[in-house]
Amino acid sequence: MATPPINPIRNLPLFLLVMGVFSASMLVPATYALTLEAFHEARSFFYAALIGLLFVAMIGITRNGLGRNATSMTHLQALFGCFVVLPLMLAVPFYESIGTTTFLSAYFEMVSCLTTTGLSLFDSGRLSNAEHLWRAQVAWMGGAIIWVAAAAILAPLSLGGFEVTSRGQPGQPGDLSGQGLEKADQNTRLYRAIRALLPIYAGLTAALAAMLVLLGHSGLDAVIFAMSTMSTSGVTAHGAVLTDMGIADEAVICCFLMFGLSRLTFAGDTKAAKSAGITADPEFRTGLMIVCSVPIVLMLRQWLGAIEIGEPPTLLAFLRGFWGAFFTAMSFLTTTGFVSGDWGGVQSWSGLNTPDLILMGLAVMGGGVATTAGGVKLLRVVALYLNGRREVEKLVHPSQVVSVGRSGTRIGRDGIFIAWVFFMMFALTISAICLVLGLVGIDFEPAMVLAVASLTNTGPLIEMTSSGVDLIALAWGGKLILCASMVLGRLEILAIVVLFTPEIWTQFWGK
C-alpha cells in the first residue's frame, strides 16, 4: 500500500497556518533592518522566522495523512488562540531586538498590535524603524484576520454583529440567507473568504501607500500609515497627532477610513450590497451622520466661546477647524485614533478644552460589523435606535402596527433583544475592568479611560485624554488585565461567552 504524499500545508490546523504566515512575515523587517545595516535587529527577526517556519513544517509533516474535521467552533477556538497565544511568538523578535525591555512588555505590545488597538508602552523615539515596521505589520495582518474571520467564522455562528440580522442564536449555526452568505463547508468558506478579501485588503493598502508617497512622504512612513489606516490600529512611528500632514494627506487617509464604517464598502457578499448598495446601508449612513454632527456641535461650542472673549475666528480658521474635527471624529468612530493637525488649533479660539467623553463616546459606538473597527458596532446602535423609535411611536399611536426592520435592515425582535443584551454586557464589562484596575492601584478616571480604550480597541485614546496614565509604569497585573480586555474587545463578549460554555468544552475534550 502506497503511502500518501507529504502535504503539510493541507493538514495543518488553522492556528498553525496563521503561525506559519506570521513567521514568514518576519523576514520583511529582517530584510529592511539588513538594508539599514542594523545587524542585531536583522538577526533577531531572521532567527525567529527560521525557528517558527521549522516548527510549523515539522508539525505539518507529523500530521501528514491525518484528517481535518474542521468546524466553525474549532475555527473560533483557533481564532481565540491567535489573539492569546500567537503574540508570545511575535514578541520574541521584538523583545530581542529592543534588548532593554521585559518580555511581558513585548507581549503586551504585540497583543495591542494584533488586536488593532495601538496601545503602546514605548515612546516612538525608543524604537527603531524596523521595530515600527514590525508593529504596523502585525496590526495590518491582525486586521486581515478580522476581515476573513468575520465572513468565514463569526457569520456562520451568528456572532460579531451578524446575530442582529441572523435567524439563528449566537453560537449556533443559523440561516445565513438574511445576510446573503452561501452555505458551504467550513474550510471552503474560509478559503473563499481569503481569496475574495485579501487581494482587496492588500490592494487598498498599496493604493493608499502610493498616494502618500506621491504627497511627499517617505516610503516607510507611507507604508506604516497605510497599514495602520486599513487595520484601524493607529500604529505610527510619530504618535497619534498628525502634525506633519496637510489637509490633502488627511483627506486621502479619511477616504480610506470609510472602509471601517461598513462591510459593504469592500465586500459584496450580502443581499444589501447586491440590491440597494452602500447608499442604503444603515451603518454607513448612520456613521456619516455621526461624523458630520459631532464637528458641528464642537465648532459651535468653540465659536460661541470665542465670541464671548471677543476674538471670533476667521473664515479660513473656522473651515480648517471644522475639517480637523471632522477627520478626528471619523478616526475615533472607526476606532483608529488618528488626530488631525488642526484639531488642537480650535481650542486656542476660546481656551475651552474638547470634552474627553466625546472621543470616548465615538470609540464606544465603533464602526461597522465585520470591519476592523471595534466598539459596540453601528448596526447594534441602529437596532437600538429603531427599537426606541418604535416604542415612542407606540406611545403616540398605540394601535399602530410598526415594523422594526425598516430601511432594509432586516432587524427582528430577537436581533434587537440580542443587541440590547450585548450593550448591557459591554457596559458591565467596562465597569468590571475599571474595578479590577482599581484593585491594582489605578485611580478611577485613568481606569475608565484604559477600560474604554482597550475594550474598544482604540489605544490612541489614552494620548488624547487628560487622564495622565503612565503605561510603562503599570504593574504586571495591570498589563495582563489590559491584554485580556483588548482580546475581549477584539473577539467581542458574545464570542467569548459562546467559546467557554460547558457544552463547547465537552465537545472540545471529546467527553
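These are numbered notes on a predicted model of one protein chain.

1. Overall make-up. The chain has 22 helices and two strands. Of its 511 residues, 54% are buried. Take the contacts between residues at least 6 apart in sequence: 72% of them join residues at least 24 apart. The exposed area is about 21,700 Å². Carbon and sulfur atoms supply 67% of that area.

2. Salt bridges, overall. The whole structure holds six salt bridges. Side chains of opposite charge can pair when their charged atoms come close. Points 3 to 5 take up individual pairs.

3. R135 and E109. These two side chains form a salt bridge, with an N to O distance of 2.8 Å. The pair links distant parts of the chain: R135 sits in helix 7 and E109 in helix 6, 26 residues apart. Are the partners buried or exposed? R135 counts as buried because its relative accessibility is 4%, under the 20% cut-off. E109 is also buried, at 0%.

4. R380 and E163. The closest N and O atoms of this salt bridge are 2.7 Å apart. R380 belongs to helix 16 (residues 378-396). E163 lies in the loop between helix 7 and helix 8 (186-214). The two residues are 217 apart in sequence, so this pair, too, links distant parts of the chain. R380 has 0% relative accessibility and therefore counts as buried. E163 is buried as well, at 0%.

5. R380 and E492. R380 also forms a salt bridge with E492, the closest N and O atoms being 2.8 Å apart. E492 lies in the loop between helix 20 (476-491) and helix 21 (493-499), while R380 is in helix 16, so the pair ties together parts 112 residues apart in sequence. E492 and R380 are both buried. Which residues make up the salt-bridge network? The linked residues are E163, K377, R380 and E492.

6. Helix 13. This helix covers residues 315-333. Its 19 residues should span 27 Å at 1.5 Å a residue, and the end C-alpha atoms are 27 Å apart, so the expected span and the model agree. The buried residues of helix 13 include G321, W323 and G324. The run from A325 through F326, F327, T328, A329, M330, S331 and F332 to L333 is buried as well. T335 follows the helix with a positive phi, near 55°.

7. Helix 2. This helix runs over residues 27-35. P29, A30 and A33 are buried here. They cover an arc of only 105° around the axis, so they lie on the same side of helix 2. What covers the buried residues of helix 2 includes helix 1 (14-25), helix 3 and helix 7 (129-154). Just after helix 2, E37 has a positive phi of about 60°.

8. Nonpolar surface patch. L27, F46, Y47, L50, L53, L54, F55 and M58 make a nonpolar surface patch of about 730 Å². Helix 3 (residues 39-62) gives the largest share, seven residues. L27 is found in helix 2. Its relative accessible area is 33%, so L27 counts as partly exposed.

9. T100. Where does T100 lie? T100 is in the loop between helix 5 (86-98) and helix 6 (103-114). Its relative accessibility is 59%, and therefore T100 counts as exposed. T100 and R126 are 26 residues apart in sequence, with their C-alpha atoms 10.0 Å apart in space.

Conventions: Residues numbered from 1 in each chain as written. Predicted model: local features only at pLDDT ≥ 70, side-chain atom pairs only at ≥ 80, totals over all residues. Heavy atoms only, no water. Helix = DSSP H or I, 4+ residues; strand = E, 2+ residues; numbered from the N terminus. Expected span 1.5 Å × (residues − 1). Buried < 20%, exposed > 50% of the residue type's maximum accessible area, 1.4 Å probe, protein only. Patch = residues over 30% accessible without salt bridge, like charges linked within 9 Å, V, L, I, M, F, W, Y side chains within 5 Å. Areas by Shrake-Rupley, 256 points an atom, 1.4 Å probe, with all protein chains shown as cover. Salt bridge = Lys/Arg side-chain N within 4 Å of Asp/Glu carboxyl O. Arc of directions from axis to C-beta. Contact = heavy atoms within 4.5 Å.
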